[in-house]
Every structure is written in C-alpha cells, then in structure tokens.
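Me: Please take a close look at one part of this model, the second chain, and describe how it is divided, what it touches and where its backbone is unusual. A connected account is fine.

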Amino acid sequence: MTEMNDPRARQPRFRGLEAGHRACQGCGEALAARLVTESAGPDVILTNATGCLEVFTTPWPQSAWRVPWLHSLFENSAAIASGVEAALKAQGRRSKVIAMGGDGGTFDIGFQALSGMLERMHNVLYVCYDNEAYMNTGIQRSGSTPHAARTTTSPPGKERMGKRHLKKDLLSIIAAHHIPYAASASVAYPQDLRRKVRRAMEVDGPTFLLVHSPCPLGWGHDGSETIQVARLAVQTGLFPLVELERGEVASVMPLRHRVPVTEYLGLQGRFRHLFADDDHRAREEREHLQALADYNVERYGLDGDGDDPFDADGADTVRRGGPASS
Amino acid sequence: MLEALEGSQAIARAIALCRPGVVAAYPITPQTHIVENISKLVADGKLRTELVSVESEFSAASVVLGASAAGSRSYTASSSQGILLMTEVLFNISGMRLPVVLTCANRAIGAPINIWNDHSDSMAVRDCGWIQLHCADNQEAVDTSIQAFRIAEATELPVMVCMDGFVLTHTLETLEIPAQDLVDRYLPPFAFDRMLDPHNPLSLGTLVGPEYFSETRHLAHQALSNAASTIVDADREWQSLTGRSAGGLLTVEGPADARIGVLAMGSVVSTFREAMDCLGAAPAKLIALRSFRPLPEDAIRAACAGLDHLVVVDRALSPGFGGIVGGEIKAALSGMNDAPQVHNVAIGLGGRDVPMEMWPRLLDVPQQGGGFRILDLEPAKLGEMS
C-alpha cells in the first residue's frame, strides 16, 4: 500500500544515456551527458558533434542512447540540430532538440554553425561539455584550454609554460547573441545542472549550457577525483556558474568560501609545471591564474554571504525525485 | 501550358511543386536566383516550407541532413566554392543514406576566381556517393528536379541535379511547369522509416570500425549502381504522365549508321542538337549522358556500338591526367568488342562560349589525333600571360 501511495518513488528514473558505454572511469562528460538527458526527459532528439561522447556511446552495432540521436560531423552539431528543428516545425511535432558538442566542436571548429543557429532563433538547447582540450584526439589545446595548461600541443618547456593564450570567454560571445537563456554549470553541482537544463527546456527558442566536465586522462587526476576537481574550479572562481537572460547576467552561484587557485591547480598533472621549484615563471603563472579567478569574482560578483538559494555549499545536494513533500 | 521563364525561376517553381518540408540555402552566383525565387514563393504564401537561410553552404548541407533525418523532404542548391564548402557534409548525407535533393548550378572553381560555367564543381565531388544527373535544357532541369525527389526517396540516395550556371540558370526559355495534381500523383508524401522519433529512438551516424566498414562501402556502391534502374523507371513514368522524357540514363541522337559520335553532358548538348539540325555537318551521333553517377556502362557501350570514333567532351579537367568524363568513358569501353577509338577534349572552361561552330570542330578531332587537349585554347594568349 505504501508503494501504491507513492508511485513517484517507485518509478525508475528516466535515463537517456544508458550504462555500459565505453567512457573512461571518472569521465566528466559521460556524467554530464547522463545528467542532461535525465533532466531533459524522453521527448527529445539529440545531435552530437564528433568526439569522445559520440565514440564511446555508439560503437556500431551498439548504442547507449535511449533517445533518438544523430551524429554527422565535428563542426555541424548546431547546424544539423537546426535542420532537425526545422523539420519538426514543418511536421508540427513538438519534441525538443538538444545539440551537444565538446569544447573543440563548440568554441572552435563548430563555432560558426553555433552562432548561426543562435542568430536564427532555432528552438534548440545547445550543450557544450567543456573539458578544455581536444581529448578524443589525444589532449590537444583548444580555444577553451585554460592559460598555462599543458596539452600535447601546448607542452611546457624551456621556452613555454603551457598554453600561451587565455581560455576563450565563450559565454560572453553567446551573450552577445541575446538569446533567451544561457548558463554555465558543472558536474560537481548536479542539482544546479538539472535545474538549468529544465529551465532551458521550457524556453521556446535557442538556449545554451556550458557544462564544466573534467577529463581525468587529459587533466591528469585520478578518476575518483572528478567531482572534487570540478568543484574546486567553481570554488576558486576559475569557472563561475552564472545564468544569463537575453545576454544580461540574471543570477550567479555565490562563493562563500573562496579557495586559492593553487588548490585546484595542484590536483592536476596539466598544471604540474606551475609548481616547479626555483622557477620564477611558475610563480608568475600561478599569480596570473589567481588574477584571472579574481577577475571572474569581481566581474560576476561571486563573493557571497548569507543564505542564498544558489549557495554553493548546498547546491550539490541531490534530492532524488524532487523536493520532499511538506 | 507553356510559359517563358528564367531557368532559376522555373527550378524554384518545380521545387515548390514537390512540397519540400525544409529548404536551406546560402547565396552564391549563379545559384542565387533559385533561392531568391524560392524565398519569394515563401513570402507570397505560395510555398509552405521551413526556409532556413543559413550562414554558409556548410550549414545549408548540414541543415538538410538534419531535416531529412528528421523525416522532412529537404532541398538545397549551390555552386562552385559552395559545393566545395559542402563537401564534407555531402559525403555524410550519402553515407547516411538520406534522400536530399540539391541543385548544382555548375560553375568553375578558383583560383583564379571565375563565376562562369563549367563542370569543375560537380566533378570535384564526383566520388561523394551522390547520384549526379545533368540537364541539357531548362525543361529537362524542371523535369529532372521533380524526378530527383522520387529517385532519392526510392533509393535513399541523395541526388544532385546539375544545370549549367548562367547558360541555363539565367536564360529565359519557353517551358512547361507541370500541374500540382500531376506532381502530387507522381510524388507521394515523403515517408522515412529511419526518421528521428522519440517514440522509436534510433541512433543515426554511429561509429563503424574496420570490422564493418568495407561492408558499408560495398552497400553504398551497390545502391548507387542499382539506382540506374530507378532513374530509368522514374523517367518512364514521368513520360507516361507528361509525354516528356528528361533523358533517362543517356540519349542517342543522329543517324543510326554514323561512324563517329560525340558524348557530352549539360547545356552543350542543346547547342549540338541545334548544330546537327542547322549546320549540315558530316553524319554523327550525339550521346547525351544524363546520369554521370551512376555511370551507366552498359548503356554507354550500347550507344557506342558501330562507332569507329568517339569524341568525349569534358567541361572540366583533372590536371595531370586530362578529361574526367573522357577517362571514365575509356574505362567503360575497355574490353568491348569493336570499341570506338576514344578522343578526349575539354571545351567551355570558366564560361568560354561554346557556339554551334564547335560541332564540326569536334567531328574533326579524330583526324587530328593526339591525346587530351583543351580544344578551344587560344595559344596566342599564353604569351601574354607568361
């Protein structure tokens, strides 16, 4: 009887991405994709740029997707999503289209198609799983790779301290399209991520989510540390969690206990050269990265105090099946 | 009823008759008038379609890929550099067996930049797995555009309708636009059983490793080869409804006992038809090759039976090799008993005019002998350019 009284508790959670795929242990992207598709529900059509997510989910004749899924090329996830959405409109169907890509397929090679999709106001949620390098091809630097990070094409050496350039501020470029809703999220804060997906799903128009998704292999940390690393990225201010409406900042996740960037950097092999003894360049780059975090905090007003519904300290509490009934 | 229409205007009307669910395009000369006319039909409420005005040809092809996978009849058009920018997607569309139709307003490729007509663009994507049909005039282009959707949807292969830029797209001709009810009878609504649908979730475009890849390529080759019979059937039924053939796989004109033949594709065929009637040159056969992919080897051999010499006309070339169609025809005829001697020339590159007077020059090629050459080259100009 108690079971019958609470059918919601008995209902298995919907999974768009099924277990058994071939992602590495601790893969942030796989976790993010599961959270996004779970929150979006079954009435969706996905498009996927070429990359790890496409490779580890669909080795023919297997597929880990329980929702319709379309992959074409590296740089056209947004454009094929535009086509799917146009067809649904032509046919009077109302399923939501979700385009997905990694940071390479979004910040760099697929950037034009994404801009076009946003400008034409297609009813598509674009989700970028940001692991800050070309991981599928073996950890090469992308426009999203943070300053000073080591990748196979930005190796540190006598003349270099990792990536020379800054991480592209994609969210600001997205904001310049004045789309109804855009946000950044992190796999370390699943409750916040789910809420942002649901929010985007309700919008009739283009929306964008940038999901920080650690890659243990590429970042050089243990697979068991994915959540810890992702959380530190937020708590240091290096990856601020913000929401934008029509290009204006609508809310931010405040940081009550700011953490120095060295705690985040020190966990990852890609920043190990920043901790070399007797290297003034290492100290300078650590200071540089701290300055970038400080800039984010100032720009978005991340220093928070008091009770806040978006408080980082409580945001990662997962409440299964929705809030407890009162 | 006959109407005087510009080629692009006629194509837009023909596409509208096919009731596409999604049209995506990006402007490029000489394709522009097609998308302009489609846009006007949409603006005037005469065509109900989702018109997606994209930010590049790459996205135009990607949009119709997505739309087709989602179950809508989908159309795009381009030319030249635009076709090249689409290339990666064109391979994808055929690899995923999506029945997209594309009009290629044939134009040269730079550098040097040149907006005029030859076949460099569609030849550059010869191996992308699309059906390629060439049109001799605007009536053929109208009829082929409608047939293209039927062929594409029956074979689940994309179709590229090649029509010469400017020579056809910007030329006013009298032609017949068929009635809507006739097209509706010929072309039933698109039903795609691999459609993206949350009620029947399929994964399209998955990763295929070495253990299955050769088989996918075999199936693609087989499908394209088998499409020849669908092309013939589609044209036959069109003929039974309208009284007009758009040229099947190829057509042969001229006296049955002619010993010399000319094989060509596209608008020069119309020029040569006129020349055969008007110039009273030596008796010769004109083979108008409509289906370049699939290449109908049997039909080509049958058309060449009894010929001593065949002059193959190319409107593009493969530098370091020669004529592309010429090379393929030589291969198709190899091993044939009493095969004609094949001579290969390129003419009309980058819009150089091909007048009727070209016809007797072509018939003279076998006497001159020699290998591939650009027949209308003006050697004196080479000095100016060095």
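Reply:

**Chain B: domains, contacts and backbone**

In this predicted model, chain B is divided into domain 1 (2–242) and domain 2 (250–385). Taken over C-alpha atoms, the centres of domain 1 of chain B and domain 2 of chain B are separated by 27 Å. Where they touch, 28 residues of domain 1 of chain B and 20 residues of domain 2 of chain B take part in the contact.

On the domain 1 side of this contact, H5, strand E6 (131–134), E7 and helix H8 (210–242) of chain B each supply at least two residues. H8(B) gives the largest share of that side, with five residues. By class, the side of domain 1 of chain B that touches domain 2 of chain B consists of 16 nonpolar, eight polar and four charged residues.

Within the bounds of domain 2 of chain B (250–385), helix H9 (residues 268–278) of chain B offers a local view of packing. Its buried residues are Val268(B), Val269(B), Ser270(B), Thr271(B), Phe272(B), Ala275(B) and Met276(B). An α-helix has 3.6 residues a turn, so residues three or four places apart point the same way. The cover over the buried residues of H9(B) includes strand E11 (260–264), strand E12 (285–289), strand E14 (309–314) and helix H12 (358–368) of chain B. Just after H9(B) comes Gly280(B), which takes a positive phi of about 55°.

The backbone of chain B has further points to check. Most residues other than glycine have a negative phi, and most peptide bonds are trans. Glu156(B) is not a glycine, yet has a positive phi of about 55°. Glu156(B) sits in the loop between helix H6 (138–155) and strand E7 (159–164) of chain B. With 17 other C-beta atoms within 10 Å, Glu156(B) is partly exposed; a residue would need 20 or more to be buried.

Two peptide bonds of chain B are cis. One joins Thr29(B) and Pro30(B), with omega about 0°, and Pro30(B) lies in the loop between strand E2 (22–25) and helix H2 (32–43) of chain B. Another joins Gly110(B) and Ala111(B), with omega about 5°. Ala111(B) is placed in the loop between strand E5 (101–106) and helix H5 (120–124) of chain B. That helix, H5 of chain B, is also among the elements that each supply at least two residues to the domain 1 side of the domain contact.

Chain B also meets chain A: 37 residues of chain B are in contact with 39 residues of chain A. On the chain A side, strand E1 (44–48), helix H4 (52–57), strand E2 (69–71), helix H5 (77–91) and helix H7 (111–119) of chain A each supply at least two residues. H5(A) makes the largest share of that side, 12 residues. The side of chain A that touches chain B divides into 21 nonpolar, 13 polar and five charged residues.

Strand pairing also links the two chains: E2(A) and strand E9 (residues 203–204) of chain B pair in the parallel sense over two bridges. Within this pairing, Leu204(B) in E9(B) is the bridge partner of Leu70(A).

Notes
Residues numbered from 1 in each chain as written. Chains lettered and ligands numbered in written order. Predicted model: local features only at pLDDT ≥ 70, side-chain atom pairs only at ≥ 80, totals over all residues. Helix = DSSP H or I, 4+ residues; strand = E, 2+ residues; numbered from the N terminus. Buried ≥ 20, exposed ≤ 12 C-beta atoms within 10 Å, placed from the backbone. Domains from an automatic or database assignment. Contact = placed C-beta atoms within 7 Å. Nonpolar A, V, L, I, M, F, W, Y, C, P; charged D, E, K, R; others polar. Pairing = 2+ DSSP bridges.
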